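Let's walk through this fold together, one piece at a time. Keep the viewer open and turn the model as you read.

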Amino acid sequence: MNGMRGVRAHPVPEGIDPDDWTSWSWQMQNRVRSADELARWVDPSPDEIAAIETLSDRFHFVITPYYASLMRRDDPECPLRRQVVPRSVEAGDPAGLADPLEEVLHSPVKNVIRVYPDRIAFCVNNECALYCRFCLRKRMVGDLEWTMKKRELGEALDWIAATPEIRDVLLTGGDPLSYSDARLEWILERLRAIPHVDIIRLGTRLPVTLPYRVTDELCELLARYHPVWVNTHFNHPAELTTAAAEACDRLLRAGIPVGNQSVLLRGINDDPETMKELCETLVRMRVRPYYVYQAQLLEGTAHFRTPIEDGIELFRGLRGRTSGFAIPQYVLDTPFGKVPLDHPWAQGRDGEDFVVEAWTGDLWREPNPRR
Ligand code: SF4
């Protein structure tokens, strides 16, 4: 992947054995968990040091050395650093909720979320390689109460087997790839044995935060249970490294379509140039930009939320200026499911015509048959 435009080279840091650095278990064991450990990679600001001290018991502060090595040392506004290092502003968000999508109310059995008749999100794991400050599942990730015991995983799988409408299962969490290959295979084997389950999807941020987890062995394992789809979660072009691109390439070569879901984050990716660069580089990596979520009304995240009108304008600005399939759908997730937040390109019937707005702003009248 060296030399792909928009993809960053990232040398192994000095003093670390390359075999250790590229081992996912080494990365997990050597995660940054304190301001002192963070100081190896960046110069923490007084605000970051204070927030790590006071806020990490509300929501975990853990970062992989790999992701920490991508952050800018002397810039607290670094778009990667802002995603994972606590800031005191998190304490002042009176409107934020713990569970804005009412996932707990939509749960027929522990850690299964059913909003649609034919699809479920199955939170198989509450652990992640790092914890994102804007995480929708802050209430549960990293929290022992939500850990799935094998018996509980079995109960959820039994519920899926007894619910014939379920056609599409999203394994999520936390991060399903935080599991060992053996545990993951146990789940996949049980799911594949259920005749009405067509599609198995995995939602994982590990290609972004710990790409060495995506080993050849893992890809071979996933390919045994096709059709398997993966959606990952890049938010910023600075996350697109050679290691991340190689991880996506390994998944693709195993026949696994890879999509990307981002969150629109104020001051991080809510400007047209950053979003365009992110999406165009993902397409070069053969990763399809799929959704961009409006940041939820989630506790401690007011500083991340962009006005929805600005988001609509941003994606309107991409139309006509890049390939159509490089433009993700901007959506608001609600307790009733996802709602597209599109600019109204289709203006409606006017007499015998249907009026549409082109990306240039010109109006076009298309003769339109009556029903
Ligand atoms: S990787 Fe995903 S589930 Fe884990 S903390 Fe980040 S957003 Fe939440």
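Two strands pair if DSSP finds at least two bridges between them. Helices (H or I, at least four residues) and strands (E, at least two) are DSSP runs, numbered from the N terminus. What you have on screen is a predicted model, in which local features need pLDDT of at least 70 and side-chain atom pairs count only at pLDDT 80 or more, while totals for chains, interfaces and linings use all residues. Residues are numbered from 1 along each chain as its sequence is written.

A good place to start is the sheet of 9 strands, an open one with the order β1-β2-β3-β4-β5-β6-β7-β8-β9 and mixed pairing. At its edges stand β1 (112–113) and β9, each with a single partner strand, so one side of each is left without a neighbour in the sheet. As a reminder, strands of a sheet pair through backbone hydrogen bonds, either parallel or antiparallel.

Begin with strand β2 (residues 119–123), which pairs with β3 in the parallel sense over 5 bridges. Here I120 stands opposite V169 in β3. Together, β2, helix α7 (residues 150–161) and β3 make a right-handed β-α-β unit. A crossover is called right-handed if, with the strands pointing away from the viewer, the path from the first strand over the helix to the second runs clockwise.

Next along, β3 and strand β4 (residues 199–203) are again parallel, with 4 bridges. D168 has I199 in β4 as its bridge partner. From β3 the chain crosses through α8 to β4, and this β-α-β crossover is right-handed.

Further across the sheet, strand β6 (residues 258–264) runs parallel to β7, and 6 bridges join them. Look for S262, which stands opposite V292 in β7. V292 also stands opposite Y330 in β8, so to speak a handy landmark for following the sheet. Strand β7 (residues 288–294) and strand β8 (residues 329–334) pair in the parallel sense over 3 bridges. Between these two strands the chain passes through helix α13 (residues 308–318), and this β-α-β crossover is right-handed.

At the β9 end the pairing sense is antiparallel: β8 and strand β9 (residues 337–340) share 4 bridges. A hairpin of 2 residues joins β8 to β9, and T334 stands opposite G337 in β9.

There is also a second sheet to find. It is open and has 3 strands in the order β10-β11-β12, with antiparallel pairing. β10 (346–350) and β12 (363–367) stand at its edges, each with a single partner strand, so one side of each is left without a neighbour in the sheet. On average, neighbouring strands of this sheet are turned by 25° against each other, direction ignored. Strand β11 (residues 353–357) and β12 pair in the antiparallel sense over 5 bridges, and F354 stands opposite E366 in β12.

Now turn to the helices. How do helix α8 (residues 181–192) and helix α10 (residues 216–223) cross? Their axes come within 10 Å and cross at roughly 10°. Axes are lines fitted to C-alpha atoms, for helices over the stretch in contact, and angles run from 0 to 180 degrees between N-to-C directions. Angles under 35 degrees count as roughly parallel, over 145 as roughly antiparallel, 65 to 115 as roughly perpendicular and the rest as oblique. α8 and α10 are therefore roughly parallel to each other. In the contact, D181, L184 and E185 of α8 meet E217, L218 and L221 of α10, where two residues are in contact if their C-beta atoms, placed from the backbone, lie within 7 Å. The contact residues of α8 with α10 divide into 3 nonpolar, no polar and 3 charged. For these classes, Ala, Val, Leu, Ile, Met, Phe, Trp, Tyr, Cys and Pro count as nonpolar, Asp, Glu, Lys and Arg as charged, and the others, Gly among them, as polar.

Which residues are around the ligand? They are C128, Y131, C132, C135, R137, V141, G173, G174, D175 and R205, where a residue is near a molecule if its C-beta atom, placed from the backbone, lies within 6 Å of it. By class, this shell has 5 nonpolar, 2 polar and 3 charged residues.

Finally, a few backbone details deserve a look. Most residues other than glycine have a negative phi, and most peptide bonds are trans. The peptide bond from G173 to G174 is cis, with omega near 15°, and G174 is found in the loop between β3 (168–172) and α8. Both G173 and G174 are listed around the ligand as well. Another cis bond leads from H226 to P227, with omega near 0°; P227 lies in the loop between α10 and β5 (228–232). Phi of E102 is near 50°, a positive value in a residue other than glycine, and E102 is found in the loop between α6 (81–84) and β1.
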